[in-house]
Amino acid sequence: MNVIPIHSIDDPRITLFREVKESELLNRHGLFVAEGEHLVRRLLHSNYQTHSVLVEEAFAVKLAADAAGRDLPVYTVDKKLIRLIAGYDFNRGALALGVRRPLPSPDRWMPPVNEKALLVICPEINDAENLGAILRTAAAFEVDGVILGERCRDPFYRRTLRVSMGAVFTLPMAQSMDLAKDLQRLRADHGVSLVATVLHDATASLPDYKPPRRCGLLFGTESQGLGSEWLSLCDERLTLPMGQRTDSLNVAVAAGIFLYHCSRF
């Protein structure tokens, strides 16, 4: 790696790092930001290309082994300067810029029809932390893939990536540009049964539920749940029984319970 000391926030070599607070500016360069030592390490060990790294001076030695053998610029700065660049102290002394690449369409990585499959489908989850937590949970239960609808939050958004703890780097993900059409294709061409997770009007209850062999679980938004357009496409509706003291769970928490149950079959 190529260690380069930086002494001024105006140094042109770190221009891109000054844009990490403005995600749209960074996106124009085809980049995303990973922050924190653990996330930077996971990026370095993933099959995503690392564009550059910015760390406190003490971290350069720690990351030497992870970045060994690469022609990778590693900019070192003092603690005060990295806080000015990042905007707030979530970075824990380390930032890296990764190179984006287009996510495939849903039918490009589907498991063969003769194999079991468990999919997570998020039509329009737009809360960054909820999506990050769902991706981390999906990775934990080794789902076969996550499909994001056209109105879903960007999985490489700074906060989403941080909450996912790098699950984005290893989890099979697809981005749909027409989710309704893609879901119909998943059912017709790939034998996937679509299961809506709902609060009311369910056809099945989770404790006694055995998921279909090829199952796609749909999760709705925090405020509205799944809209009628998605419910109409599903083969069945599944609910999680709850006591009368609450009427719903956070969608990421609920997703963890549904995925734990369905991954056991």
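**Close-up A. Arg162, a buried arginine in helix 6**. In this predicted model, Arg162 has a relative accessible area of 18%, so it counts as buried, the cut-off being under 20%. Its place in the chain is helix 6, which covers residues 158-164. Look for the partner of this side chain: the side chain of Arg162 makes a polar contact with the side chain of Glu35, at 2.6 Å.

**Close-up B. Strand 4 and the two strands it pairs with**. Strand 4 takes in residues 73-77, and four of these five residues are buried, so the strand is largely enclosed by the rest of the structure. Strand 1 (residues 2-5) runs parallel to strand 4 and is joined to it by four bridges. Strand 3 (residues 50-56) is also parallel to strand 4, again with four bridges. Thr76 is a handy spot to zoom in on: Pro5 stands opposite Thr76, and so does Val55. To get from strand 3 to strand 4, the chain passes through helix 3 (residues 57-62), making a right-handed β-α-β crossover.

**Close-up C. A nonpolar patch on the surface**. Five side chains are worth picking out here: Leu199, Met242, Leu249, Val253 and Ile257 make a nonpolar surface patch of about 370 Å². Leu199 sits in the loop that links strand 9 (193-198) with strand 10 (204-205). How buried or exposed is Leu199? With a relative accessible area of 43%, Leu199 is partly exposed; that value is over the 30% needed for a residue to join a patch.

Note on methods. Residues numbered from 1 in each chain as written. Predicted model: local features only at pLDDT ≥ 70, side-chain atom pairs only at ≥ 80, totals over all residues. Heavy atoms only, no water. Patch = residues over 30% accessible without salt bridge, like charges linked within 9 Å, V, L, I, M, F, W, Y side chains within 5 Å. Areas by Shrake-Rupley, 256 points an atom, 1.4 Å probe, with all protein chains shown as cover. Salt bridge = Lys/Arg side-chain N within 4 Å of Asp/Glu carboxyl O. Buried < 20%, exposed > 50% of the residue type's maximum accessible area, 1.4 Å probe, protein only. Polar contact = N/O pair within 3.5 Å; in protein donor to acceptor, adjacent residues only side chain to side chain. Pairing = 2+ DSSP bridges. Right-handed = clockwise from strand over helix to strand, strands pointing away.
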